[in-house]
Structures are given as C-alpha cells and as structure tokens.
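Student: I am new to this structure and should like to be guided through it by questions. May we begin with the packing of helices and then turn to single residues?

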Amino acid sequence: MRRQLYLQGAFVALVLTLLWGSLVSLLGSLERQRERSRLAEQALVEHEQQFRRELEVAKEQAETANTAKSQFLANMSHEIRTPMNAVIGMATLLDKTALDPRQRGLLAQLRTSARLLLGIINDILDLSRIEAGKLTMQSVEFSLDQVFTDLSAVVGERAREKRLELLYSIAPDVPQVLVGDPVRLQQVLVNLVTNAIKFTERGEVLVEVGTADASHAVLDRREVQLRFAVRDTGIGIAPAQMARLFQPFTQVDESSTRKHGGTGLGLAICRRLVELMGGTIEGRSEPGHGSEFSFHARFGSAQSASARGSAKQPLDGLSALVVDDNATTRDVFGSMLESLRFEVTLADSAEGALARMTATDPPFNLVVIDWKLAGINGIEAVREIRRRHLGDPAIVMVTAYGDDALMHEAEESGVNVFLHKPVSPSTLFDAAMEALGRARGARMTHAGSSMQGDVRFLPGSQVLLVEDNEVNRLVAQQLLGTLGLEVASAGDGIEALQLVQAQRYDAILMDIQMPYLDGVETTRRLRSDPRTRDVPIIALTAHAMSGDRQRFLDAGMDDYLTKPIEEAELVRVLARWLPHVAQTQPAAYAATPAPSATLAVVPGVDVASALARVNGKHDLLWRLIADFRARNADAATRLRKLFSARDYAGAAALAHTIKGAAATLSAQRIAASAGRIEHAAHMGGAADHGDLDELAAGMVELLAAPLPHSASPAPARTPAPSMPNMASAAHLPATITEAIERLRGELTGNSLAADEACSVLVRELQAQGCEAATDELRAAIVRLDYARASTLLARLERELANGVAR
C-alpha cells in the first residue's frame, strides 16, 4: 500500500512538474506575445504618426502647388490682359475715325480675333476657378430682357455675318425680373448660341425660354425654374460624340484639318455653371439635321415694386400683320405680338401681304415686315402700301442685314421704325409702341441696334484716372473724353492722393498694379479721408482670378472693370455712379485722315503695327517714341545697378514698364529682352548678361534711328511783336501765370504731360474764382490736337487779360 501511495505521489509530482513547466512556458509565451503586441502597437503608432506627417507635408505641397497655379494664372491673366487692353481700346478708337472699306474690314477682323483670344483666356480662368471650388454665384435682381439685349450685342454681328436668322422666343408666363446671377446666365447663353452659329451655315438659330414642366416644377412661389433651349439648323452631332462634349478639351471635330476652332472648354464650363444654378444641361442632335442644347436653371422670383411694374401693358383691340418668308420667324414674331394681345395675321410674301391688306376691313394697325423677301422685297412692299393707302398702318421693318443706305431708303419708302435682328419681345414691343405713336408724318427711328455710346454724362462731370501704363492711360482718356467727361490723370497712387487734395472728383478709376503705391492701398487711404470717403472708386485691373473682386471691394472700392476694357462695359459701369442722359447717336471723334500709304522706316520698330495702336496718328507715334527714348536711354545701366544691389523687385518693375511700353510701340527686340529680364528678376536671380546686352543694343538702335520731322519739338510759339503778353498785362496771380506758362511749354514740346498741366491750370483758375471756359481746351488736349490747344490757350489768355473770364 505504501509503495502504491509512493508511486502515486511520484506520478502526481511528475504531473505537477510537467504542468508547472507547461504553465511557465505558457506564461512565457504570453509575455513574449504581449511584448510583441506592444512593439507592434508602438510601430503602428509610429507608422501612423509618420503617415500623418507625410500627409500633412503632401497637403502643404498640394496647397502650395495650387497657390502657385492660381498665382501663375493670375500673373498670366495680368500679363495678357494688359496688352489686350491696348489692342481692343485702340481698335475701338480707330473705329471712330475715317477709314476706307478695306481698312474697316481689317479692323473688324482684328477686333473679332482679339475678343476670341480674350474668350479663351476667360474660359481657362473660369475652369480653374470651378475646379478649385472658388467660383461663387451672385444673387441679384435682374431683367431677363436685358440679358437678351446684351446677348444680341455679343452674338448678333456674328449671325449677320453668316446671314443667319437669330430668333428669341420667350413664353408669356416667364417672369421678366428674376433673382440670380445674370452674368453667368448670359455666359452660358453666349456659349451655346456662339456654338450654334459656328456650326450652322444656313438657316436659323432659335433661343427659347419657358417655365419648366411639371416634373421640374418648384413648389416655393418665391422660386421659379426655367428651361432654356438653343436650337439650330446646322451640321448636327453624332450620338457618340454628344456624350463626350461636356468634358473639358473635347470638340465635335478634333481632326488636324478641322474647320471650326475652339478649345473645347465652353460646354464643360456651361455644365458646371448650370449645376451651380441648380439645374442640368443636355444636348440632342442628329447629323445633318441640327442640334438642340437645353438646360434648366433655378431663379428667385423678384418681389420688388419695380419688378411688378416692369411688365409690358397689353394692347387690346389692335391688329397686326407679320410678313416674313421664314416660317419660324413668322411664328416667333406672331407669338410675341399675340402675348401683347394683338390680333395677328401671318403672310409669307409681300404679294400675299398686299392681298390680305386689300381684303381686310378694318385695316391693320401695325405691319411688321422683313426686308429680304422672296419676290417683292420689303421696301417695295411698303411703297406699294403707302401708294395704295391701305389703311396707313404703322410699319416696323425688321432685317439682319441693314446698313445706313438701306435705312435711308426705308425711311423714304414710309417705314416708321427700322429694327435689327435679333429681336426680343421687349424690343418688338418698344418698336411697335414707337411706330404706333409716330405713324403719321414722323421720321423713322432706328431701333434694336446695340449702341455702345447710348449715354452721355452731364457736362462738368470730372473723373480721375489713375493708371501707370501710358498707352492704357491714353486709350482711357480718349474713351472718357468722348462721353463728355472731364478727365484728370495720375501715374501712381501718390500722385492721385496729391490731386484729390486740390480738387473733388465725381468718380475715380483706379488701376491696381502700380509702382510706389498700388491701387488697393491708395483706396484705403482715400477712404480714411472724410473728403474722399464717398467718392465712387472703380477698380481698373487686369487681375481676373477668383477673390480679386472681393479683395478690391473689401479695400473700399465700389465697382470693378476688368481689362481689356470694352467701351460698352465702361459706359455701363460709369452710368451706375454718374448722372447721365441718353443720346440717340454715339459720340465720335472728328474724322482723322487715313495714314499715308508710304510709311516712315524706324529701325527697331514695326511702324505699321505701332500706328494701328495709336489711332493712325503719325505725330503721336513719333512723340511716344521720342518720349520712350528719353525715358529709357540708360535702361540697361539702371537694370544692371538694380541687379547688383539685389533689388529684384525694382528690377522687375522697371523691366515690366519697359516691356509694356516697347510692346505698344512694336519695338519687339527691346520688349522681348525686357520680358526675359523681368522673368529673371521675378525668380530672384541675376539677369542673363546676354539679355542685358541685347536690351542695350536695342536701345542703341532705337536711339540712333532718325525720326520724322514732326517728332522734333515744335518751334516756340512766340507772340507777334505787336501783341503784348496778355497774362502779364492783366496782372494775373502768379500761380495762374505759372500754370499757363507750364501748359504752353508742354504743348510746345508736344509732351503727353500737357493733360496734367491743363488740370493744374483749371484748378488754379477755380481757386482764384475765374469762371473760364476750359472744356474745349481740355478736349483738344485729350484728342492730342496740340495745335488747336495752343490756339485755345492763347484765346484764354486774351479773355483773362480783358476780364471776360473773370
């Protein structure tokens, strides 16, 4: 028994020993596993921290890259828009001069190409804003009819050039006053209509607007959803291509021999803009049978009293006859008149119209007739109506091809109102009202044209133009002068601050990028001064990136004009801030003789190109070249000193100024080398000695070039021996005498500083209580007619001497 117990005890001990060993081993394994887990967790934490650090670095790099991209686009926008401003501005001024038909045709092509280039720039910038999520939509009250009026101004000429009918059909239940972003809506419409015109060789382009169907209805009465459709009779698009068209850089025809150009950005931008307006866009097409692009967009419904009172009053009890050989045009015009409660009859020819008028009793009150009809044309039909005395109706003639000669012929035939296509319902209503009111014995009125200079500002309105680029300053001064404004100018913010201390201006046009003191800081200082706190300040800038507008408004500016400056946009913006009156004809410059066929040769300058930029004025070009040479003869030396002193900002600013001025004068050798030097300065490195040598060589070439005689300072205009010095004889205050002498000197030397000297003289006269008439003198200086200005200055002196001007 004892032995058995011993054996059992030994067995238990052995088992316990084995169990203890297993337990110890297990515990060791657990400890090691726990240590490994701890180490793994620690490694995971370290890896996660490393990943977060790398993610933050990547995010910072991405943000830096995006900032660099945005800055690059902003800089490129500024660099491109600055010379584009001169191109479009000078083209506008040149269009106001006497030109032969060939020159006017070339000018039209120049302006069209410039606007196409500007459109590409805008498309690229818009796409960048959208992709960055920085494109914001306005929410303002606007007139839908004004959107279509502006649309006509932009695309109407293109349709007329291709002999296409461009028609608008707006349903009667569409509100005329909406709340939303009119600029982006117009951008979408312009893009769709431009594409339709581009791909349509014959026929028509129809823009339809109606309220959305029930599936898209908006229940909130304060909102409305509209459907816009652009339909054409063009070449059409294959279904496989249609699905790709709303992607960036995709075109209908991408072959190397494609007939129609473009960047392929327009529809992609339209899709994004429509989505931002709460809608969708789609396209339908069949090759050879035209296309239709339509989109829905959501707008607020205007509740203001002005919106409620904007509707056209219906004309009950009147009858109208629409005569047009295009079925779509007949139906559209008929619908417009029916919405005004006319009783409408349609005719597809002049012969049919005459037959209906002969058989109709009572006679028609209004006839809307196209000029270009198959068979008897519209003018002959009107002559026949007047000859037969068929009720003596009011007559509106509509055409897409009219010119002054046709208008004159239409007036003689008995037409009351001459209306250019495209025609909106509001335009047709106004034309009908005018024709009905002027039907008996009144002269014909020209309606429907998009006149850019349709306002003139009240006499005495004074504007301060702050712009450092001499050419841009010259363009803006001449444009403003044609609007009846008195213009003073400053080349930088410091000079502007000095001018506003001496005189109050009705508005200030403020460039942004200027030396010494930029436009933003200048505006802040003006707003801190009680005397200038309320003066409207309009930003005038080539910056066009997202946030720029808000930055300028935050600085205290009231409005915003982007370069290149279009005359129509300049007028519209100024009209918001200055009192004005309507005028029936746009202001125009006095006719300038066409440039001579034989051009002077100036080594280093493309004279023909430079003349185109200065309105064909030879004397002005020679003065600009002479002034440029005087200012920049030692440019290369100054740049070398700036680089030696590591003043890269100063070097970039100087090179930028030289580049812009040289490019305007078509001194391409100087402009190109200055551009490379500017780039090197921006990069914070030394300029290539070869570029500095090239700039110096270009300046030597230009300095050695003989200029025509008219560029030399004119001989001093000394009074005749029998005529005493009037200013001295009258014992005028010394300040006025000095101002007169300064202005005389600037005029004698053909200096562009004459404008500022004239402003000083005007201020001195006002300070001394002299009520002198200086408007004509200032206008002559703005036109750079210094000979006339010298004559007017002499006359002013005589008036002061005789006490007439006191």
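Tutor: Certainly. The model is a predicted one. Helix α19 (residues 618-632) and helix α23 (residues 689-704) pack with their axes 10 Å apart, at an angle of about 135°.

Student: How are α19 and α23 oriented to each other?

Tutor: The angle between their axes is about 135°. Angles over 145 degrees would count as roughly antiparallel, and those from 65 to 115 as roughly perpendicular. The two helices, α19 and α23, are therefore oblique.

Student: Is the crossing of α19 and α23 left-handed or right-handed, and which residues of α23 take part in the contact?

Tutor: α19 passes α23 in a left-handed crossing. From α19 come Ile625, Phe628, Arg629 and Asn632. By class, the contact has 5 nonpolar, 1 polar and 1 charged residues. The residues that α23 supplies are Met699, Leu702 and Leu703.

Student: How are α3 and α4 oriented to each other?

Tutor: The axes of α3 (residues 144-161) and helix α4 (residues 182-198) come within 10 Å and cross at roughly 30°. Angles under 35 degrees count as roughly parallel. That makes the orientation of α3 to α4 roughly parallel.

Student: How many nonpolar residues are in the contact of α3 with α4?

Tutor: α3 passes α4 in a right-handed crossing. On the α3 side the contact includes Leu144, Val147, Phe148 and Leu151, and on the α4 side it includes Pro182, Leu185, Leu189 and Val193. Besides 2 polar and 2 charged residues, the nonpolar ones number 13.

Student: Is Asp145 buried or exposed?

Tutor: Asp145 has its place in helix α3. Setting aside residues up to four places away in sequence, Asp145 touches Gln176, Ser424, Ser426 and Thr427. Its relative accessibility is 11%, and under 20% is the condition for being buried, so Asp145 counts as buried.

Student: What is the relative accessibility of Val209?

Tutor: Val209 lies in strand β4 (residues 204-211). Among the residues it touches beyond four places in sequence are Leu144, Phe148, Val174, Leu226 and Phe228. Val209 counts as buried, with a relative accessibility of 4%.

Student: How do the axes of α13 and α17 lie, and which residues of α17 meet α13?

Tutor: The axes of helix α13 (residues 470-482) and helix α17 (residues 567-577) come within 11 Å and cross at roughly 60°. That makes α13 oblique to α17, and their crossing is right-handed. Leu479, Leu480 and Thr482 of α13 meet three residues of α17: Glu567, Leu570 and Leu574.

Student: Which residues does Leu574 contact beyond its neighbours in sequence?

Tutor: Leu574 is one of the residues that touch the most other members of the largest nonpolar core, which has 62 residues. Leaving aside neighbours within four places in sequence, the contacts of Leu574 are Phe457, Leu480, Leu483, Leu485, Leu509 and Ile538.

Student: Which helix gives the most residues to the largest nonpolar core?

Tutor: The residues of this core that touch the most other members include Leu485, Leu509, Leu639, Ile658 and Ile670. The helix that gives the most to the core, with 7 residues, is α21 (residues 648-664).

Student: How many residues are in the other core, which lies apart from it?

Tutor: Among the members of that other core are Leu166, Val174, Val224 and Ile269. Ile269 is also listed among the buried residues of helix α6 (residues 266-276). The number of residues in this other core is 42.

Student: Where are the cis peptide bonds before Pro362 and Pro422?

Tutor: Pro362 lies in the loop between α9 and β10, and omega is about 5° for its cis bond with Asp361. Pro422 lies in the loop between β12 and α12, and omega there is about 0°. The bonds thus join two pairs: Asp361 and Pro362, and Lys421 and Pro422.

Student: Is His389 buried or exposed?

Tutor: His389 is placed in the loop between α10 and β11. Its phi is near 55°, a positive value in a residue other than glycine. At 67% relative accessibility, His389 counts as exposed.

Note on methods: Residues numbered from 1 in each chain as written. Predicted model: local features only at pLDDT ≥ 70, side-chain atom pairs only at ≥ 80, totals over all residues. Heavy atoms only, no water. Axes fitted to C-alpha atoms, helices over the stretch in contact; angles between N-to-C directions. Helix = DSSP H or I, 4+ residues; strand = E, 2+ residues; numbered from the N terminus. Left-handed = near helix turned anticlockwise from the far one by under 90°. Contact = heavy atoms within 4.5 Å. Nonpolar A, V, L, I, M, F, W, Y, C, P; charged D, E, K, R; others polar. Core = buried A, V, L, I, M, F, W, Y, C linked by side-chain atoms within 4.5 Å. Buried < 20%, exposed > 50% of the residue type's maximum accessible area, 1.4 Å probe, protein only.
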